[in-house]
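Welcome, and please keep the viewer open while you read. We will take a friendly walk from one strand outward to its neighbours.

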Amino acid sequence: MRFIFIDPNLERNMINTTAKFSDLVISIVLALSLCLLLFSCTTTGKRASGSRTQKMKSSPNWKDERFVNPLPRQEESILEASKKYLFEKSEFSSPKRPIETIQRNRADFDSSPVDGIRITWLFHSSILIEIDDARILVDPVWSKRASPLDSLGPKRFFEMPLALDDLPEIDAVVISHDHYDHLDHRTIKRLGNRIPYYVVPLGVGAHLEYWGIESKRIIELDWWESFQTSGVTLTATPARHFSGRSLFLSDLYQTLWCGWVIAGKDHRVFYSGDTAKFHGFVDIGKQLGPFDAVLMDTGAYDQLWADVHLGPEQAIEARLELGSGLFIPIHWAGFDLALHGWTEPVERIMAEAEKTGVEIAIPRPGESINPRNPPVVKRWWPELPWQTPSEAPVVSSGLKNSTTELLAVQQK
Ligand SMILES: [Zn+2]
């Protein structure tokens, strides 16, 4: 038998060293968590309080302490979604070569639009709409990532074609909902109080105020409510989606989500925000149309979350139900947020538009479109493999009537 003599001092030192090391690890983990928490607190924003909450709670769309959809959302299984992400993601879900953009500067917007309307698709759902002498900036995202963190999260496919400091004078910024690819904390801070108005759905104002926007500039609206500025009426419209920015999912459905109708004296534009299919498009078209252009959510879809985003064929159906307007796909070619190939949305849109006779324009990033005289669709994206609607259908839950039935009822 061998005796091992351990010097009690050495043992004490070893215990101390181990204790010191574990203390150090715990301290580092705590410090990192605290940093993440503090940092994400700023970027995640702030929950509404006071009169803001009162207005939210008196909304007909607020039930059981959260906002609700016009048609309930069936939530996807996280397990199934994870499996699909691991085994079924397209190898073409993001571009392998740089995307060529049209570089713009402030001088490009000096002259008024030829027909009183000009729509410039900048990126994803960031759009500059010049309409009847007003300039409206939609869901501006200039950050590198759709994320609370600078170094983690979905990265943009291309640099903005227009520098933020080169923006022409803006009459109002409209926000559709508080997801990171639509409400960007860094962009809002940079735009700051030089924007006369931020027009947002209920509850979103609390984030803006927390980031330094003066409360007099923040206009919070419920669905169907309007705000007028610079001769333009901005109306929030229903959408089927959800909201939330917390990394811990603690603020799901706590702010409202919406689409927007931007109506000047001679022109009208519909912007869908993020939405799945529901029966509200006929009503929106009837009450707030006719539209010159329809900017429709056309990307980041999947059958697993068919109650969150429109599939391409559904996006064309929604346009038919709205009744009018040049179809312009948005919410594609921005971030890798789903499983489909990055060019699939527009391939499917082109096929469906041809079938249904819907007029479309597919601008290159930075390109301006005149809806009264749209350019012929020219493929500026690469030809990559994609799945057809029969290979990867997107069918939302709870829909009772087809587009044909809805339109037949409307015409009676
Ligand atoms: Zn969203």
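## An enclosed strand

Let's begin with strand β11 (residues 259–263): five of its five residues are buried, so the strand is largely enclosed by the rest of the structure. Please bear in mind that this is a predicted model.

How do the side chains of β11 divide between the two directions? Gly259, Val261 and Ala263 point one way, while Trp260 and Ile262 point the other way, and all of them are buried. This fits a general pattern: in a regular strand, side chains alternate between the two faces of the sheet.

## The six-strand sheet

Strand β11 belongs to an open sheet of six strands with mixed pairing, in the order β9-β10-β11-β12-β13-β14. The edge strands are β9 (226–229) and β14 (326–330), each of which pairs on one side only. On average, and ignoring direction, neighbouring strands of this sheet are turned by 15 degrees against each other.

Now for the pairings, starting from the β9 edge. Strand β9 pairs with β10 (residues 232–237) in the antiparallel sense over four bridges, and Ser226 stands opposite Thr235 of β10. Next, β10 and β11 run antiparallel and are joined by five bridges; here Thr237 has Gly259 in β11 as its bridge partner. On the other side, β11 and β12 are antiparallel over four bridges, with Ile262 opposite Val269 in β12. A hairpin of four residues joins β11 to β12.

## The nonpolar core

Ile262 turns up again in the core. The largest nonpolar core has 93 residues, and those with the most contacts inside it are Ile262, Val294, Leu295 and Ile328. Which strand gives the largest share of this core? That is strand β3 (residues 117–123), with five residues. As a general rule, in soluble globular proteins nonpolar side chains tend to be buried together.

Leu295 is a good residue to select in your viewer. Leaving out residues up to four places away in sequence, Leu295 touches Ile127, Val269, Phe270, Tyr271, Ser272, Ile328 and Ile330.

## The seven-strand sheet

Strand β3 leads to another sheet. This open sheet has seven strands in the order β8-β7-β6-β5-β4-β3-β15, with mixed pairing. At its edges stand β8 (218–221) and β15 (368–369), each with a single partner strand, so one side of each is left without a neighbour in the sheet. Strands β3 and β15 pair in the antiparallel sense over two bridges, and the bridge partner of Thr120 in β15 is Ser368.

## Helix α7 and its surroundings

Back at the six-strand sheet, helix α7 lies across β12, β13 (293–297) and β14, and runs at about 145 degrees to β13. Is α7 largely enclosed or left open? Ten of its eleven residues are buried, so α7 is largely enclosed by the rest of the structure. The buried residues include Pro312, Ile316, Arg319 and Leu322. Their cover includes β12, α6, β13, β14, α8 (344–356) and α9. After α7 comes Gly323, which has a positive phi near 100 degrees.

The axes of α7 (residues 312–322) and α9 (residues 403–411) come within 10 Å and cross at roughly 5 degrees. The two helices are therefore roughly parallel to each other, since an angle under 35 degrees counts as such. Glu317, Leu320 and Glu321 of α7 make the contact with Thr403, Leu406 and Leu407 of α9. By class, three of the contact residues are nonpolar, one is polar and two are charged.

## A loop residue beside α9

Leu406 also takes us to His279, which is found in the loop between β12 (268–271) and α6 (281–288). The C-alpha atoms of His279 and Leu406 are separated by 8.2 Å, although the residues are 127 apart along the chain. Not counting residues up to four places away in sequence, His279 touches Leu71, Asn401 and Leu406. With 16 other C-beta atoms within 10 Å, His279 is partly exposed.

## The whole chain

Finally, a wider view. The chain has nine helices and 15 strands, and 43% of its 412 residues count as buried. Among contacts with a separation of 6 or more, 72% come from residues 24 or more positions apart.

Conventions
Residues numbered from 1 in each chain as written. Predicted model: local features only at pLDDT ≥ 70, side-chain atom pairs only at ≥ 80, totals over all residues. Axes fitted to C-alpha atoms, helices over the stretch in contact; angles between N-to-C directions. Parallel < 35°, antiparallel > 145°, perpendicular 65-115°, else oblique. Contact = placed C-beta atoms within 7 Å. Nonpolar A, V, L, I, M, F, W, Y, C, P; charged D, E, K, R; others polar. Buried ≥ 20, exposed ≤ 12 C-beta atoms within 10 Å, placed from the backbone. Pairing = 2+ DSSP bridges. Core = buried A, V, L, I, M, F, W, Y, C linked by C-beta atoms within 7 Å.
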